Amino acid sequence: VSDPVALPVPALGELAVSTYFPQATPVTTFHWGAQQTGALAAGDATGAADLPGARPLQGRAFLAGVWVESPSRVPVVAAFGDSLTDGNGSTPGANRRWPDLLARRLAPQGVGVVNAGISGARVWGDKMGVNAMARFDADVLSQPGVRTVVMMMGINDIGWPDSGFAPDEAPMTAARLAEGYRQLAEAARARGVRIVGGTIAPYEGSLHGTPLSGHYSPAKDAARLEVNRWIREGGAFDAVVDFDAVLRDPAHPARLLPAYDSGDHLHPNDAGYAAMAQALDLATLFGR
């Protein structure tokens, strides 16, 4: 954690954070993707308004987050998920992930939103970041002011086994995923944090024609549907947001609605993310 910086930050303001490393420095923490482009410049350019000749960096290095002081106690919603929370498929640099769009709706009401999405995240497995339980405390429960977590995760737990992502892993069962959700819900309640469960979006046809096409299969989709039933009916969460119902094509429920499909049949586009954000209201988020 750095020393504090005296800098006024308006709601929804964008910050550019520059760091200078005088010696070769290994990248010890990195968030790849994230639909944001950074810059790599030679020399100490920390005070520069522009960086001519800088190389683009597709992701975030070193910086994990920014904490902002507030004169009043601001309730915070944490979005906890995978690439659909990280914003894959949205317009890069435009802040159109669903947590961004939710933040715009809630800012006038004095509510903050934290995006804790990591592409490739899983409830039980490590690889692209650690598993959900291992990072839940640092990424969600320890965020200042957190009142509610919206969790949407599980598509990679179901899709990765027997695909190019994790060819040797055993199939994920609905019961195993449900146990993970239950543990996360209990951890949230132990800290006085409300937890909203999000159903898993449809993804038939995703990664078709690539070495990773095994990510989807009818058997895996059957597991997804069973998990979604449990999320809706199992009672583990304080509330449920039905992202599956929001995003699916009524004429072909195993697929994303074409108007919401970024083109890879896995991630929503800007319109799809807007629909996800719109599905969350104050009653769902705060029980009022």
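## Salt bridges, helix H5 and a surface patch

Asp221, Arg224, Arg232, Asp242, Asp244 and Arg248 join up in a network of salt bridges. The model you are looking at is predicted, and the salt-bridge count for it comes to 13. Below is a friendly tour of some of these pairs, then of helices H5 and H2, and finally of a nonpolar surface patch.

**Salt bridges**

- Side chains of opposite charge can pair when their charged atoms come close.
- Within the network, Arg232 forms a salt bridge with Asp244, and their closest N and O atoms are 3.0 Å apart. Arg232 belongs to helix H6 and Asp244 to helix H7 (residues 243-247), so this pair ties together parts that are 12 residues apart in sequence.
- The two partners differ in exposure: Arg232 is partly exposed at 34% relative accessibility, whereas Asp244 is buried at 2%.
- Another salt bridge joins the side chains of Glu169 and Arg122, at 2.9 Å from N to O. Glu169 sits in the loop between H4 and H5, and Arg122 in the loop between strand E4 (112-117) and H3, so the pair ties together parts that are 47 residues apart in sequence.
- Here Glu169 counts as partly exposed, with 34% relative accessibility, while Arg122 counts as buried, with 4%.
- Arg182 and Glu179 also meet through their side chains in a salt bridge (2.9 Å, N to O). Both lie in helix H5, 3 residues apart, which is about one turn of the helix.
- Arg182 is partly exposed, with a relative accessible area of 33%, and Glu179 is partly exposed as well, at 31%.

**Helix H5 and its surroundings**

- H5 runs over residues 174-190, which makes 17 residues, and reaches 24 Å from its first C-alpha to its last, close to the 24 Å expected at 1.5 Å a residue.
- Its buried residues are Ala174, Leu177, Ala178, Gly180, Tyr181, Leu184, Ala185 and Ala188. They cover an arc of only 160° around the axis, which puts them on the same side of H5.
- Packing against these buried residues are helix H3 (132-141), strand E5 (146-152), helix H4 (155-159), strand E6 (194-198) and helix H6 (218-233).
- On the face turned away from the buried side, H5 carries the exposed residues Ala175 and Ala190.

**Just beyond H5**

- Arg191 lies in the loop between H5 and E6 and is partly exposed, with a relative accessible area of 43%.
- Leaving aside residues up to four places away in sequence, Arg191 touches Asp137, Leu141 and Ser142.
- The C-alpha atoms of Arg191 and Phe286 are separated by 15 Å, with the two residues 95 apart along the chain.
- Gly192, also just after H5, takes a positive phi of about 75°.

**Helix H2**

- In helix H2 (residues 98-106), 7 of the 9 residues are buried, so the helix is largely enclosed by the rest of the structure.
- The buried residues in question are Trp98, Pro99, Asp100, Leu101, Leu102, Ala103 and Leu106.

**A nonpolar surface patch**

- Val5, Leu7, Val9, Leu15, Val17, Leu63, Val66 and Val68 form a nonpolar patch on the surface, and together they have about 680 Å² of accessible area.
- Among them, Val5 is found in the segment before strand E1 (30-40). Val5 has a relative accessible area of 66%, so it counts as exposed.

Methods
Residues numbered from 1 in each chain as written. Predicted model: local features only at pLDDT ≥ 70, side-chain atom pairs only at ≥ 80, totals over all residues. Heavy atoms only, no water. Patch = residues over 30% accessible without salt bridge, like charges linked within 9 Å, V, L, I, M, F, W, Y side chains within 5 Å. Areas by Shrake-Rupley, 256 points an atom, 1.4 Å probe, with all protein chains shown as cover. Salt bridge = Lys/Arg side-chain N within 4 Å of Asp/Glu carboxyl O. Helix = DSSP H or I, 4+ residues; strand = E, 2+ residues; numbered from the N terminus. Buried < 20%, exposed > 50% of the residue type's maximum accessible area, 1.4 Å probe, protein only. Expected span 1.5 Å × (residues − 1). Arc of directions from axis to C-beta. Contact = heavy atoms within 4.5 Å.
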